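I opened the notebook today to look up a metal site and the packing of a pair of helices. The entries follow in the order in which I checked them.

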Amino acid sequence: MTLIFGIESSCDETAAAVVEDGQRILSNVIASQVDLHAQYGGVYPELASRAHVEAISVVMDQAISEAGITLNDIDAIAVTRGPGLIGSLLVGVSAAKGLALALDKPLLGINHLEGHVYSLWLTDPERPIEFPVLVLIVSGGHTELLLMHDHGIYERLGGTLDDAAGEAFDKVGRMLGLPFPGGPSIERAAAKGNPTAFDFPRSKLDDSYDFSFSGLKTATLREATVPQSSGKRGASKLERTPALRSGISINDVAASFQKALVDALVTKTARAAAEYHVREILLAGGVSANSALREAMVKQTQLPVRFPPLRLCTDNAAMIAAAGYYRFRAGMRHDLDFDAVPSWQLTTDAYDGV
Ligand code: KG4
Ligand code: ZN
């Protein structure tokens with residue numbers, strides 16, 4: 001039995017967890033900063049790192065006590081090394097190093113995107129995942145389509161060329177005056193709206209497995225808001241939160257936007273799954289909580305589709321511990337002097353030379 005202690009602080013959740021053998025969650029503690037950032041309509045980096053500093057030791061203590069173990073029972077410590085906000089990452093990385101030194105335990109710096117991938121290994125351990133699989137990671141910062149041949153072996157098929165899927169949800173949510181984060185707010189509004197009310201554009205990168213959501217965002221903005229000829233210089237249209245057109249149905253706009261974005265995601269994912277003959281499709285990341293996306297993906301393909309339970313879609317430390325378990329098993333160990341890596345792609349060679 002191997003116990004991995006996971007620590008996550010890459011964005012706006014401070015989290016710690018204990019996971020057994022990469023699949024059984026003994027504890028999974030998350031201190032969310034959503035309320036702190038809601039007033040700004042987005043994550044405020046300086047406030048985020050300060051909040052991580054305040055929360056981290058309590059969260060770590062709680063994860064150990066809820067797991068019913070002592071610190072000495074841990075086999076290794078896995079911490080998110082990147083990608084993410086540098087100030088936020090440093091809080092988790094420093095805490096993990098301190099702990100590793102004090103306990104004299106191995107330390108592993110984990111790629112946050114790989115963490116999202118491994119949230120699927122925590123989801124249904126009785127039904128082992130069979131390679132090759134296609135993984136769609138859709139979060140606030142990333143949209144990545146990966147062919148995964150085996151543990152740690154990734155082939156990147158495509159990703160977003162501009163906004164991440166979650167970022168598009170958050171920006172459109174803010175524009176429609178909905179509470180932060182935009183994803184869940186838009187999903188709620190969309191449930192009451194007509195998804196065919198507006199025919200928003202799907203990105204036209206037909207031959208590739210890349211995505212683009214900025215055209216959709218702009219089209220939604222144009223449809224829903226009053227054009228502004230003169231505005232504050234230097235501020236983008238979205239930052240100015242323009243007035244909504246009178247009489248427009250926010251629910252219809254939300255539903256049509258969500259449908260366009262989901263269509264783009266599931267069409268390409270299903271096409272890649274067929275082309276590469278994968279055994280299963282895995283959805284991960286905050287946007288994989290979206291039920292319209294889940295339903296559309298299942299409808300679009302005959303293949304088994306897996307998605308994490310809601311609490312494992314958004315950022316958490318159990319997924320970092322699960323990814324850490326497979327890296328630990330493969331022999332990876334990091335020195336205490338490793339750095340955080342704010343921008344870091346997930347590839348087969350991701351851990352070489354960083
Ligand atoms: O994975 P995550 O917690 O953080 C990152 O690594 O970025 O993802 C957060 C993102 C936010 O953009 C949020 O709006 C989006 O996930 N999200 C959703 C839903 N729940 C969270 N987007 C669409 N529908 C949802 N139900
Ligand atoms: Zn994430």
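Entry 1. I began with H116, which counts as buried because its relative accessibility is 0%, and I note here that the model I am reading is a predicted one. I then looked up H112, which is buried as well, with a relative accessible area of 5%, so it falls under the 20% cut-off.

Entry 2. I located both histidines in helix α4, which covers residues 112-118, and found H112 and H116 four residues apart, about one turn of the helix.

Entry 3. I next asked which residues coordinate the zinc ion (ligand 2). I found H112 and H116, each through NE2, together with D315 through OD, at 2.0 to 2.1 Å. Written along the sequence, the spacing of these donor residues is H-x3-H-x198-D.

Entry 4. I checked the geometry of the zinc ion (ligand 2) and recorded angles of 96 to 137 degrees among its four donor atoms. The site is classed as irregular, because a tetrahedral one would need all angles to lie between 85 and 135 degrees.

Entry 5. I turned to helix α2 (residues 45-67) and helix α3 (residues 86-103), which pack with their axes 8 Å apart and at an angle of about 30 degrees. Because angles under 35 degrees count as roughly parallel, I entered α2 as roughly parallel to α3. The contact is made by A48, S49, H52, V53, I56 and M60 on the α2 side, and by G87, S88, V91, G92, A95 and L99 on the α3 side. I noted last that the crossing of α2 and α3 is right-handed.

Definitions and conventions: Residues numbered from 1 in each chain as written. Chains lettered and ligands numbered in written order. Predicted model: local features only at pLDDT ≥ 70, side-chain atom pairs only at ≥ 80, totals over all residues. Heavy atoms only, no water. Donors = N, O, S within 2.8 Å, 3.2 Å for Na, K, Ca; no water. Tetrahedral: all angles 85-135°; square planar, octahedral: opposite > 155°, others 65-115°. Helix = DSSP H or I, 4+ residues; strand = E, 2+ residues; numbered from the N terminus. Buried < 20%, exposed > 50% of the residue type's maximum accessible area, 1.4 Å probe, protein only. Axes fitted to C-alpha atoms, helices over the stretch in contact; angles between N-to-C directions. Parallel < 35°, antiparallel > 145°, perpendicular 65-115°, else oblique. Left-handed = near helix turned anticlockwise from the far one by under 90°. Contact = heavy atoms within 4.5 Å.
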